[in-house]
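Please look over the sequence and the model below before reading on, and keep both at hand while you follow the explanation.

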Amino acid sequence: MSKYTQDQIICKCKKVSVFDIEDALNKHAHFGDVQKEFDEVQKITHCSTGCGGCHDKILDVISELMNG
């Protein structure tokens, strides 16, 4: 069971939700290295480009989504 909900905002500066991150991952759909996936999600959603305080949470969400 996920500790995150689909509508939970992870990046407050850019208003990026868990759904947005999952959608970006599905558009990229290579599911390899977590850091590479973060880079792709960041390009699509612009998350973690404001204050950067959400960086670790975004990596956690990506890891959770990749690992089911």
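The paragraphs below go from the nonpolar core to a pair of helices, and then to three single residues.

What you see is a predicted model, and a good place to begin is its largest nonpolar core, which has 16 residues. Within this core, the residues with the most contacts are Ile10, Ile21, Val41, Ile58 and Ile62. At least two residues of the core are supplied by each of four elements, namely strand S1 (9–11), helix H1 (18–28), helix H2 (34–45) and helix H3 (55–67). Val41 is worth finding in the model: if residues up to four places away in sequence are not counted, Val41 touches Ile21, Ala24, Leu25, His46, Cys47 and Ile62.

Turn next to the way in which two of these helices meet. H2 and H3 pack at an angle of about 110°, and their axes are 10 Å apart. Because angles of 65 to 115 degrees count as roughly perpendicular, H2 is described as roughly perpendicular to H3. The crossing in which H2 passes H3 is right-handed. On the side of H2, the contact is made by Val34, Gln35, Glu37, Phe38 and Val41, while H3 brings His55, Ile58, Leu59, Ile62, Ser63 and Met66. Sorted by character, the residues of this contact between H2 and H3 comprise seven nonpolar, three polar and one charged.

Helix H1 offers a residue of another kind to examine, for Glu22 has its place there. Is Glu22 buried, exposed or partly exposed? Its relative accessible area is 26%, and because buried means under 20% and exposed over 50%, Glu22 is partly exposed. Leaving aside neighbours within four places in sequence, Glu22 is in contact with Gln6 and Leu65. Glu22 and Tyr4 are 18 residues apart in sequence, and their C-alpha atoms are 12 Å apart in space.

Finally, consider two residues in loops and the backbone angle phi. Lys15, in the loop between S1 and strand S2 (16–17), has a positive phi of about 55° although it is not a glycine. Ser48, in the loop between H2 and H3, is likewise a residue other than glycine with a positive phi, here near 60°. Which of the words buried and exposed applies to Lys15, and which to Ser48? Lys15 counts as exposed because its relative accessibility is 60%, whereas Ser48 counts as buried because its relative accessibility is 12%.

Methods:
Residues are numbered from 1 along each chain as its sequence is written. This is a predicted model: local features need pLDDT of at least 70, side-chain atom pairs count only at pLDDT 80 or more; totals for chains, interfaces and linings use all residues. Side-chain values use heavy atoms; hydrogens and water are left out. A nonpolar core is a set of buried Ala, Val, Leu, Ile, Met, Phe, Trp, Tyr and Cys residues joined through side-chain atoms within 4.5 Å. Buried means under 20% relative accessible area, exposed over 50%, partly exposed in between (1.4 Å probe, protein chains only). Contact means heavy atoms within 4.5 Å. Axes are lines fitted to C-alpha atoms, for helices over the stretch in contact, and angles run from 0 to 180 degrees between N-to-C directions. Angles under 35 degrees count as roughly parallel, over 145 as roughly antiparallel, 65 to 115 as roughly perpendicular and the rest as oblique. A crossing is left-handed if the near helix is turned anticlockwise from the far one by less than a right angle, and right-handed if clockwise. Ala, Val, Leu, Ile, Met, Phe, Trp, Tyr, Cys and Pro count as nonpolar, Asp, Glu, Lys and Arg as charged, and the others, Gly among them, as polar.
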